[in-house]
Amino acid sequence: MEKRVTFGRWTIGILFAVPQLILIFTFFYWPAGQAVYWSLTLQQPWGGGNIWVGLDNFRSILSNADYWNSISASLVFAGISTGLAMSIALVLAALTDRQLAGSWLYRVVLIWPYGIAAPALALAFRFILAPEAGFMAVVNQVWPGVWDPGLDGSDAMASIIVAFSWKYVGYNFIFFLAAFQAIPRSLIEAAAMDGSGVIRRFWDIQFPLITPTIFFLLVINITESFQDSFGIVDIMTSGGPANATNLMVYKIYSDGFKGLDYSGAAAQSIILMLLIIALTIVQFRFIERRVHYR
Amino acid sequence: MASITIRGVKKNYAKTPVVHGVDLDFASGEFVVILGPSGCGKSTLLRMIAGLEEISDGTIAIDGVVVNKLEPRERGCAMVFQNYALYPHMSVAQNIGYSLKVAGVPSAERAQRIQAVARVLELEHLLDRKPMALSGGQRQRVAMGRAMIREPKVFLFDEPLSNLDAKLRVQMRSEIRKLHRRLSATSVFVTHDQVEAMTLADRLVVMNGGRVEQVGTPAEVYSRPASRFVATFVGAPAMNMLEGTVTLDGLSLLGDSRKLNVSRTGLAVGAKVAVGIRPEAVRMVAPGTAGALAATVDLIEELGAGRVVYVDLDGAPFSIATSETVHPEPGSTVGLQFAEQDLHFFSAETGGRLDVFKASVPEPAL
């Protein structure tokens, strides 16, 4: 029997829901609605009203090569960092689940990165990956000029991917570990009795049974890689060099607040929102089919 | 078909010993039931045979080959788990055939063998279902099928019937028995249910506190329990146990409040013993009958075919199982009578069996 709380009068139920509804409306729907409105108007940089321009903002953005470059950079960033953060976390969680010596240590230590604010960790990685003094200085010592995120676009992209993945490995790890631990021990033992080795058991038993978690993390990681990347990009590369790391979320900020193109930025944020919605729908339509819910 | 030889096997978890040196021999094709209360180490012993638990000390050999260091898959055992442990994302056919798939058996042969096993277990119409869509008894059968298809040398059962309802349990019990007769693979069955143990076993191993208390056929264990623990654990309702002291002309029971005349025993006068008597061996007679113990009726449990009468014997609980249609009123007094040869004597200190009437010298306690 499902337990439910029931209220004699519907007004009490509504009253309980009101605080949450106010929060959601004030901080989600109202700003989103404002953004939609701005994206259809031309804002004066110094205030003083706006002019209705219809879809002009969208037309001008979508005909701009810089913007398409930003979209592809964002997709590359999302793809690689999600893949990296999830696969590393999966391996770590699988090893920890096998109760290897010291596994309790990972469990504690690995959640810390997620607790660090993006700008702080970005600053740390900026030092670590600095071509002249960081870890990579050693590489430059051997092959001079091989690594320079300040000059080379792909080096810069690699830097922000590493920083972002580092943060999300911990987050994903906690979910993966919980998923692994939720698999009854006897299933693994039954597979062992059936003659299945460690690797085979992982692919045949554990992996299919954690697909709901994999799917959840996939959606979260991709969404976050479009949004939570802002702090990292801002501190590490400021979108450079030559717009190589000018991700969509960063471009919204730089066009809007540095370039003072409020309307264009609003239109960009609508596009980003639609892109994330579209990606999430695609994931639910096509990937969720392969998820085994127990 | 394989024999299992267990020599001095111990298991410690960290520093805590849970199995303290077990020596057992299971003959090829035998159906052995390991019976014991929860926490007695019976499942741990089974899991050590299976290879799911490391053996801290001693050796386990299957068919003469010591398997201590072998992986579970190399031991030729199949196991049926308490919660069935069916793979929830695979169909019944995939569950049953998984071991063959791992072994690289071609899919045509695999399908054929799955069909054969499904036929025996009457699962043919369920092969495409997921375990979620099966009833408890069907899941149980799939778990058996998964074990059977490998044609293992040894079958291991870890309390496989404890999740089923009473009716299904009885049914599966006889199915397991039939299956064993048909496959005649060596089977080790762990349970805490003594009815299950008595009905299934060729040979019974009673364990308690990480030690083997007794090994024997169900009839032997029932009629000649080797220790006080076995006496009270096997048989329902449990054997009555009365503390007593040996006197010149018999026994004084319950702190001298009752006397019992028995033939001369080989026991020294003044020795402390526990006297056991099965509820089935007690007869109720009219109070005041010569040689009968008077007791007050507490409670009557009606079982249909018979009834269990719980009486109070100077504060000690005592039960009588009878099939006679007697209906003593709670609170009334009845006389209890039993034959001398139905008494079981156990040492008050060690709990070991004392064979007092068979020989004049008591056997050393087991």
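**Helix packing, domains and chain contact in a predicted model**

Author: Welcome! In this predicted model, helix H2(B) meets H4(B) through Val92(B), Asn95(B), Ile96(B) and Tyr98(B) on one side and Val142(B), Gly145(B) and Arg146(B) on the other. By class, this contact has four nonpolar, two polar and one charged residues.

Reader: Why are H2(B) and H4(B) called roughly parallel to each other?

Author: The axes of H2 (residues 92–102) and H4 (residues 136–148) of chain B cross at roughly 30° and come within 7 Å. Angles under 35 degrees count as roughly parallel, so H2(B) and H4(B) are roughly parallel to each other.

Reader: And is the crossing of H2(B) and H4(B) left-handed or right-handed?

Author: The crossing of H2(B) and H4(B) is right-handed.

Reader: Let's move to the domains. What makes up the contact between domain 1 and domain 2 of chain B?

Author: The assignment for chain B gives domain 1 as 4–229 and domain 2 as 237–354. Five residues from domain 1 of chain B and seven residues from domain 2 of chain B take part in the contact. On the domain 1 side, three are nonpolar, one is polar and one is charged. The C-alpha centres of these two domains lie 39 Å apart.

Reader: Which helix gives the largest share of the side of chain A that touches chain B?

Author: The contact takes 16 residues from chain A and 17 residues from chain B. Helices H9 (185–193) and H10 (198–209) of chain A each supply at least two residues of the chain A side, and the largest share, six residues, comes from H9(A). By class, that side of chain A has eight nonpolar, four polar and four charged residues.

Conventions:
Residues are numbered from 1 along each chain as its sequence is written. Chains are lettered from A and ligands numbered from 1 in the order in which they are written. This is a predicted model: local features need pLDDT of at least 70, side-chain atom pairs count only at pLDDT 80 or more; totals for chains, interfaces and linings use all residues. Domain bounds come from an automatic or database domain assignment. Two residues are in contact if their C-beta atoms, placed from the backbone, lie within 7 Å. Ala, Val, Leu, Ile, Met, Phe, Trp, Tyr, Cys and Pro count as nonpolar, Asp, Glu, Lys and Arg as charged, and the others, Gly among them, as polar. Axes are lines fitted to C-alpha atoms, for helices over the stretch in contact, and angles run from 0 to 180 degrees between N-to-C directions. Helices (H or I, at least four residues) and strands (E, at least two) are DSSP runs, numbered from the N terminus. Angles under 35 degrees count as roughly parallel, over 145 as roughly antiparallel, 65 to 115 as roughly perpendicular and the rest as oblique. A crossing is left-handed if the near helix is turned anticlockwise from the far one by less than a right angle, and right-handed if clockwise.
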